[in-house]
Each structure stands twice: as C-alpha cells, then as structure tokens.
Amino acid sequence: MIVGIDAGGTLVKVAYTRKGEVHFEKYPIAEIERVADWVNGLGDSKVCVTGGKSGVLISLLDQPAQEMVEFEATHLGVQVLLKKMGRLEDAYLVTNVGTGTSIHCIQNNVHERLGGTGVGGGTLIGLSHLLTGVTRYDDIVDLARQGSRERIDLKVKHIYEGKEPPISGELTASNFGQNLFAISEDLTKEELLATVIGLVGETVSTVSVQAAHQCNSSTIVYIGSSFIDNPLLKEVVTSYTILRGSVPLFLDNGEFSGAMGAMSVL
Ligand code: ADP
C-alpha cells in the first residue's frame, strides 16, 4: 500500500491507495498513536509523512518513512486535486485555512509562500468555545448556520448613516464592532458563532485577495479542514473574495492536499 500522511496541529489527514483507488481518512491529533498503529499493521507499504507533527508520527513508526516539507507536499497535492477537477491553472494563489492560515503563490509550477495570518480554524474553535462554551467542531458549525451577524458586526453603512459611503456599505467596518454592552447578555450562541465564522472568513479572504495581487492571479484556491461541513465559512469567503475582485475555488477533498502530495512522491 502507498500512504501519504499530513500530521497537522489539529488533525491527522491520511491518503492511501488500495486496489488503485484513493481513500481518505482523518483523525484528531490526539489519536496520532492510533494512526501509527494502523501504519505499523500494514506490513509491506511505502509511507511519506508531512506536517508539523511529522516527527512525532515518524518516532512512533516501526519502519522508516519518507518525510517531506509541508508546503511542498501541499503544492503537489493541490496540483493533483486540481487536475482531478479538470482545472488546469498556470498561476493561482493557495490559501490553506488549517489551524492557522498560510498563503502561497504558484506560478509556472514554482511555489512561493507569501505569508499568512494566525486567524484560522484554531481561532474558529477557540473563540467559539470561549464565547459560547460549545466544544465540538460539528456543533459549532451547525449552530453558526442558524445565526445572524446583524446585531454584532458593524457595517460601513451603519457608520455612514444617511450618507452615501465611499465604499460598499455592505462591507464589514468592524467585526464584533456594534455597541454590544447593552445586548451582550441577550445574544444567542447562534449569533455569536455566526459572527466568529464571519471574522475568520473575512480575515482570510481579505488577506488572500491582497496577496493575489502579488501573484498575478485572480484565482484563489481555498483548502484546509476549516471548510469541512462548514457552508457558512465557504459562503463568507466566496462573497468576500468576489466582492474584492478575485475568483474563489474550493478543491474537492482540499483538506487532504498535504496527504495527497506526500503520497504522490512514492
Ligand atoms: P492542521 O493541518 O493544522 O491540523 P487542518 O487543515 O486539518 O489543519 O484544519 C484544522 C481545522 O479544521 C480546525 O482548527 C477546525 O477549525 C477544523 N475542523 C474540521 N473538522 C474538525 C474536527 N472534526 N475536529 C476539530 N477540528 C476540525
């Protein structure tokens, strides 16, 4: 068997081929030993590991495994997944919204990291938990879908009352920026969670669109597990990216880009 593993800050992503078919699995990082046990039980196999926790995983393996730099693995994996979707792009930006957010420019097959932001999936979970007490990722994204940001976010049109604003009035002037002191006790979990996702989505898309100018590309490929079962984050990122003049593209199985890239070198 051929196995690519991306051991990240929050989740371990696994891609493997069995009978010519690619399979994907993901596990919480707390279960890294379970992943190692599974690999150790495979017998004759080739394994390549990437991600920040690759050293930890390799130390748990019985057999030697290949190791790969995370950004290189992600770049290769994105190419494979783009091809599977029938997309052939010469220049594009990749924004990986993992625990944190990392932004890369790919031009003529050359890859360069442009930067990132500490606002990412970890912020989504952490801030959500602090504000509402909700712990599970699935619950956070489900409740957020039912919430409105109307009472919490301050929009440009709220500031330019009775006057035409110089930029779209629908843009957020300040996330969590309304006068919340009077209503803080009254806000629902759904509203708070929707606003956290708004903050994360608008931050990653704003930074991405600015980086896209440096990359001579209008296509922004969004990947990372923060988009899993999270239609609200996709919606915020899509509308903000389009509003700011770029074209968003969500890769099918994009959260497995690193694992796919690691597998593709074997
Ligand atoms: P990393 O490689 O840093 O682990 P990922 O691309 O796997 O990053 O994304 C991690 C983020 O994915 C989390 O911060 C969280 O927002 C989101 N996520 C999706 N599914 C889960 C899950 N089952 N448990 C925890 N976080 C999840």
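**View 1. Leu11 meets the ligand through its backbone.** In this predicted model, a polar backbone atom of Leu11 lies 3.0 Å from an oxygen atom of the ligand. Look along the main chain of Leu11 to find this partner, since a backbone atom is the one involved.

**View 2. Thr99 and Gly122 also reach oxygen atoms of the ligand.** Thr99 uses its side chain: an N or O atom there is 2.6 Å from a ligand oxygen. With Gly122, a polar backbone atom is the partner, and the distance to an oxygen atom of the ligand is 3.2 Å. How much of the ligand does the protein bury? On its own, the ligand would expose 570 Å², and the protein buries 84% of that area.

**View 3. The ligand sits in the largest pocket.** Two elements each give two or more residues to the surrounding shell: strand 2 (11–18) and helix 4 (121–132). Helix 4 provides the largest share, with 3 residues.

**View 4. A shell of 14 residues surrounds the ligand.** Thr10, Lys13, Thr99, Gly121 and Ser225 are the closest of them. What kinds of residues make up this shell? There are 10 polar residues, 3 nonpolar ones and 1 charged one.

**View 5. Two domains contribute to the shell around the ligand.** Domain 1 (2–85 + 256–264) supplies at least three of the shell residues, and domain 2 (116–250) likewise supplies at least three.

Note on methods
Residues numbered from 1 in each chain as written. Predicted model: local features only at pLDDT ≥ 70, side-chain atom pairs only at ≥ 80, totals over all residues. Heavy atoms only, no water. Near = heavy atom within 4 Å. Polar contact = N/O pair within 3.5 Å; in protein donor to acceptor, adjacent residues only side chain to side chain. Areas by Shrake-Rupley, 256 points an atom, 1.4 Å probe, with all protein chains shown as cover. 1 Å grid on protein atoms, 1.4 Å probe; cavity = no way out; pocket = protein on both sides within 12 Å on 5 of 7 lines; lining within 4 Å. Sits in = over half its atoms within 2 Å of the grid points. Helix = DSSP H or I, 4+ residues; strand = E, 2+ residues; numbered from the N terminus. Nonpolar A, V, L, I, M, F, W, Y, C, P; charged D, E, K, R; others polar. Domains from an automatic or database assignment.
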